Amino acid sequence: MNIFRSRRPKPAPIAEAPPRTDAERVLRRLEWSVIRRLDGVLQGDWRTLMRGTGLDLADLREYQLHDDVRHIDWNVTARLQQPHVRVFTEDREMAAWFLLDLSESMDFGSGEMRKRQVLAEFVAVLARLLTRRGNRVGAMLYGIGVDTVIPARGGRMQVLRLLHALLARPQPRAGQSGDGTRLADLLSTAAAMVRRRSTVFVVSDFISEPGWEKPLAELARRHDVVAVRLVDPLERELPDLGLIPIRDAETGEQLLVDTSDRGFRQRFARIAAQREAMLLQGLARAGVDTLELPTGGDLVDAVVRFADLRRQRTRLSGAAVSSRASAVRGGGYPSHLRPAA
């Protein structure tokens, strides 16, 4: 009997990989299904989604109180007798902020996707596109009030942090907000906290108490603001479904309506169209770009439309700069650009 039997160490158990979080799974799915498609569509077609300090001149505008005096264009200022500053195309790192409306009405969806889910996927895709180009992203989450602020940082982990905050957030109960959504509170908080010029995405269905137009316009004076509006087809037109209960997601109030009544459906569509027109007028007066994001739409198409919107704004700014530069060199201004006496 061999008493010097070699003792081989038992193989260590193979450690199981830690389970992926919901945020990791969703982001990986979006990277394969959406971002890879966008790489083929947008590759070489745009340099940046944001404007700010850089090297390439993008626009000339009147001096405002917060502007850096080093950016004053003294030639244009002398010609027009009013201070003007230069706005440049962003070439370096810049911050993007997502102002996210997560009130009760964002849980609505007539199809497979609710507005809250569309919001989360849009934020994840756009944040990943921005962080891959060296930009920082942050977010402010609004439920009953502004309850969560995620400071702007870069990298893929920051995108996961944003996505986890959205997916792990409990759904609000109907009527929990009491008086309804006050989007003005979110915009005012952002104006007070985001001091450095940034690109700001206001992602909401804009079903809110009145009074958000002025804070949005004030935010747009300092930042590059994009209003991302989530919509559902059922909010614009009701089909004939017979007698159905309808609940107000903001207040929790329930009402039994007869959708087979053609007159009722027509009144509903007319009121929805009036609200739509007033909303678009308010966004236009605030001077912000608007991107519509339907619950049943293609996310790739939405991001491509956003990139087209950015390119169009850049072309218009470039045309305005050329017109103003020609006027300064020639000593005059076109009639539509001539300053008031």
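Reader: What percentage of the 341 residues of the protein chain count as buried?
Author: This is a predicted model. Its protein chain comes to eight helices and eleven strands. Buried means under 20% relative accessible area. Of the 341 residues, the share that counts as buried is 42%.

Reader: Of the contacts with a separation of 6 or more, what percentage joins residues 24 or more positions apart?
Author: Contact here means heavy atoms within 4.5 Å. Among contacts in the protein chain with a separation of 6 or more, residues 24 or more positions apart account for 74%.

Reader: How many aromatic pairs does the whole structure hold, and how is the pair of F98 and F201 arranged?
Author: A search of the whole structure finds three aromatic pairs. In one of them, F98 and F201 lie 5.1 Å centre to centre, with 15° between the planes. Planes under 30 degrees apart count as stacked, so this pair is stacked.

Reader: Where in the chain do F98 and F201 sit, and how many residues apart are they?
Author: F98 belongs to strand 4, residues 95–101. F201 belongs to strand 7. The pair links distant parts of the chain, and the two are 103 residues apart.

Reader: Are F98 and F201 buried or exposed?
Author: F98 has 0% relative accessibility. F201 has a relative accessible area of 0%. Buried means under 20%, so F98 is buried, and F201 is also buried.

Reader: Which residue joins F98 and F201 in a cluster?
Author: Ring pairs link F98 and F201 into a cluster with one further residue. That residue is F306.

Reader: Where is D205, and is D205 buried or exposed?
Author: D205 is in the loop between strand 7 (199–204) and helix 6 (213–222). Its relative accessible area is 2%. That is under 20%, so D205 is buried.

Reader: Which side chain makes a polar contact with the side chain of D205?
Author: Leaving aside neighbours within four places in sequence, D205 is in contact with D101, S105, M106, K115, L230 and R275. A polar contact at 2.9 Å joins the side chain of D205 to the side chain of K115.

Reader: Which residue in the loop between strand 7 and helix 6 has a phi near 60°?
Author: Most residues other than glycine have a negative phi. The residue asked about has a positive value and is not glycine. At 3% relative accessibility it counts as buried. It is F206.

Reader: Is Q81 buried or exposed?
Author: Q81 lies in the loop between helix 2 (74–80) and strand 3 (84–90). Its phi is also positive, near 60°. Its relative accessibility is 69%, and over 50% is the mark, so Q81 counts as exposed.

Reader: How are helix 5 and helix 6 oriented?
Author: Helix 5 (residues 183–193) and helix 6 have axes 8 Å apart, at an angle of about 25°. Angles under 35 degrees count as roughly parallel, so helix 5 is roughly parallel to helix 6. Helix 5 passes helix 6 in a crossing that is left-handed.

Reader: Which residues of helix 6 meet helix 5?
Author: Helix 5 brings A184, L187, S188, A190 and A191 to the meeting. Helix 6 brings P215, L216 and L219.

Reader: Which residues does P215 touch, not counting those up to four places away in sequence?
Author: P215 lies in helix 6. At 11% relative accessibility, P215 counts as buried. Its C-alpha atom is separated by 9.1 Å from that of L186, 29 residues apart along the chain. The residues that P215 touches are A184, L187 and S188.

Methods: Residues are numbered from 1 along each chain as its sequence is written. This is a predicted model: local features need pLDDT of at least 70, side-chain atom pairs count only at pLDDT 80 or more; totals for chains, interfaces and linings use all residues. Side-chain values use heavy atoms; hydrogens and water are left out. Helices (H or I, at least four residues) and strands (E, at least two) are DSSP runs, numbered from the N terminus. Buried means under 20% relative accessible area, exposed over 50%, partly exposed in between (1.4 Å probe, protein chains only). A polar contact is a pair of N or O atoms within 3.5 Å; within protein, one must be able to donate a hydrogen and the other to accept it, and residues adjacent in sequence count only if both atoms are side-chain atoms. Rings of Phe, Tyr and Trp (its six-membered ring) pair if their centres lie within 6.5 Å; planes under 30 degrees apart count as stacked, over 60 as edge-to-face and the rest as tilted. Axes are lines fitted to C-alpha atoms, for helices over the stretch in contact, and angles run from 0 to 180 degrees between N-to-C directions. Angles under 35 degrees count as roughly parallel, over 145 as roughly antiparallel, 65 to 115 as roughly perpendicular and the rest as oblique. A crossing is left-handed if the near helix is turned anticlockwise from the far one by less than a right angle, and right-handed if clockwise.
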